[in-house]
Amino acid sequence: MVAFCGALSFFPCLSNPDRRSSFCLKLVLVMLHLTYVGILYGFDKELIQKTKQCPWYTAVYLLLLVATLAKYFVVCSSSPGYVLDAMRAMNETDASRNRETITSTQPASSKNGSVVITINRNQLEKNLLGSGTTSWEKLVMDMYPPGTSVRSVTCTYCNIVQPPRAKHCHDCDKCILQFDHHCVWLGSCVGQGNHCWFWWYLCSETAFSLWTGTLYIQYLISHVSKQWWSYAIVFLLLAVLSICLFFLILLFIFHSYLILTNQITYEVLRKRRIPYMRNIPEGVFPFSKGACRNSYEFCCARSSMYRMEPLPTALELEEKLRPYTYSDVLSCRCC
């Protein structure tokens with residue numbers, strides 16, 4: 001116990017129970033990856049022989065492992081996009097603009113050719129804060145249909161006006177822009193700010209797991225003995241391994257589908273409980289701009305972390321309901 005307390009004194013970040021739990025999860029995930037690789041190279045003599053004959057094979061495999069772990073830590077350290085940070089960023093932008101346009105109402109005095117301007121800084125900051133808050137509310141309310149009350153879109157926990165697709169995470173105790181889900185293994189949310197990195201991590205993790213799973217399957221099949229219990233153990237291990245790989249591939253395909261249609265997991269699973277999604281017809285993706293444009297904006301066109309999307313109008317929904325024709329396909333309407 002004394003040693004544990006001493007370790008916490010050297011690492012103050014671990015004194016928080018939530019951070020300590022997140023740190024332990026990250027450590028477990030890293031150790032799992034290293035254990036899988038260590039068992040293969042420790043017992044599979046055929047793999048060791050193949051490594052000696054083809055060094056590039058092991059080099060590519062280990063490079064994929066490093067890339068997977070690196071992307072994992074990038075996702076963990078990336079901000080998911082907090083609504084409060086977006087509001088503060090807008091307030092600072094408005095404040096800087098107002099500072100440039102504000103002129104002193106007091107007469108300027110000249111001394112040695114220089115102009116001295118006196119401004120009440122406390123009053124200035126008060127005015128800037130008030131105007132910034134009003135601007136944020138106006139910006140957010142313009143994204144909702146006319147007649148929407150501010151109270152209905154204000155978070156009861158953070159007391160912040162939420163833009164469309166934002167949600168309060170009870171684990172992080174913050175409102176997240178384009179909240180997808182809270183990932184236990186990451187120790188944080190997946191939102192607008194880190195969803196792209198999360199998808200790239202899924203790509204690397206899926207490729208690494210498939211490669212590793214294939215090596216394990218080859219090793220188990222080649223070392224099975226003639227006893228019935230050996231067949232049973234190998235069959236059980238292969239079943240567990242196949243289920244894990246299938247789940248991971250399914251997760252990768254699901255998030256790829258979300259990207260192509262510009263959806264988030266929260267909207268798909270809780271559609272009938274989200275007020276702005278209740279009136280959306282089935283089979284209509286309200287925020288989709290076409291598969292190609294959705295993919296481009298998701299991966300390449302992220303000029304700002306705090307990019308908010310307004311709710312579609314009735315005319316836009318009617319256009320999305322219109323079935324595709326041959327001319328639409330030729331004109332790439334679906335893209």
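## Helices, strands and overall build

The protein in this predicted model has 12 helices and 6 strands. Of its 335 residues, 36% are buried. Among the contacts with a separation of 6 or more, 60% join residues that lie 24 or more positions apart.

Turning to the outside, the protein exposes about 21,100 Å². Carbon and sulfur atoms supply 65% of that area.

## Salt bridges, from surface to interior

Side chains of opposite charge can pair when their charged atoms come close. Here the count comes to 9 salt bridges. One of them joins Asp142 and Lys138, with 3.3 Å between the closest N and O atoms. Asp142 and Lys138 are both exposed.

Where do Glu267 and Arg165 sit, buried or exposed? Both residues of this pair are buried. Glu267 and Arg165 form a salt bridge too, and their closest N and O atoms are 2.9 Å apart. The pair links distant parts of the chain, with the two positions 102 residues apart in numbering. Glu267 belongs to helix H9, which covers residues 265-269, while Arg165 lies in the loop between helix H6 (121-141) and strand S3 (167-169).

## A bridge between two loops

Another salt bridge brings Lys289 together with Glu309, the closest N and O atoms being 2.8 Å apart. This pair also links distant parts of the chain, 20 residues apart. Lys289 is in the loop between H9 and helix H10 (291-299), and Glu309 is in the loop between H10 and helix H11 (314-321).

What sets the burial class of each partner? Lys289 has 30% relative accessibility, so it counts as partly exposed. Glu309 has 7% relative accessibility and therefore counts as buried, because buried means under 20% relative accessible area.

## A salt-bridge network

Which residues are linked in a network of salt bridges? They are Arg165, Glu267, Lys289, Arg293, Glu297, Arg307 and Glu309. You have already met some of these: the network includes Arg165 and Glu267 as well as Lys289 and Glu309.

## A nonpolar patch on the surface

Now for a part of the surface with another character. Phe23, Leu27, Met31 and Leu34 make a nonpolar surface patch of about 380 Å². If you would like to find it in the structure, Phe23 is a handy place to begin: this residue is in helix H2, residues 17-43. Phe23 has a relative accessible area of 42%, so it is partly exposed; that class lies between the 20% limit for buried residues and the 50% limit for exposed ones.

Technical notes:
Residues numbered from 1 in each chain as written. Predicted model: local features only at pLDDT ≥ 70, side-chain atom pairs only at ≥ 80, totals over all residues. Heavy atoms only, no water. Helix = DSSP H or I, 4+ residues; strand = E, 2+ residues; numbered from the N terminus. Buried < 20%, exposed > 50% of the residue type's maximum accessible area, 1.4 Å probe, protein only. Contact = heavy atoms within 4.5 Å. Areas by Shrake-Rupley, 256 points an atom, 1.4 Å probe, with all protein chains shown as cover. Salt bridge = Lys/Arg side-chain N within 4 Å of Asp/Glu carboxyl O. Patch = residues over 30% accessible without salt bridge, like charges linked within 9 Å, V, L, I, M, F, W, Y side chains within 5 Å.
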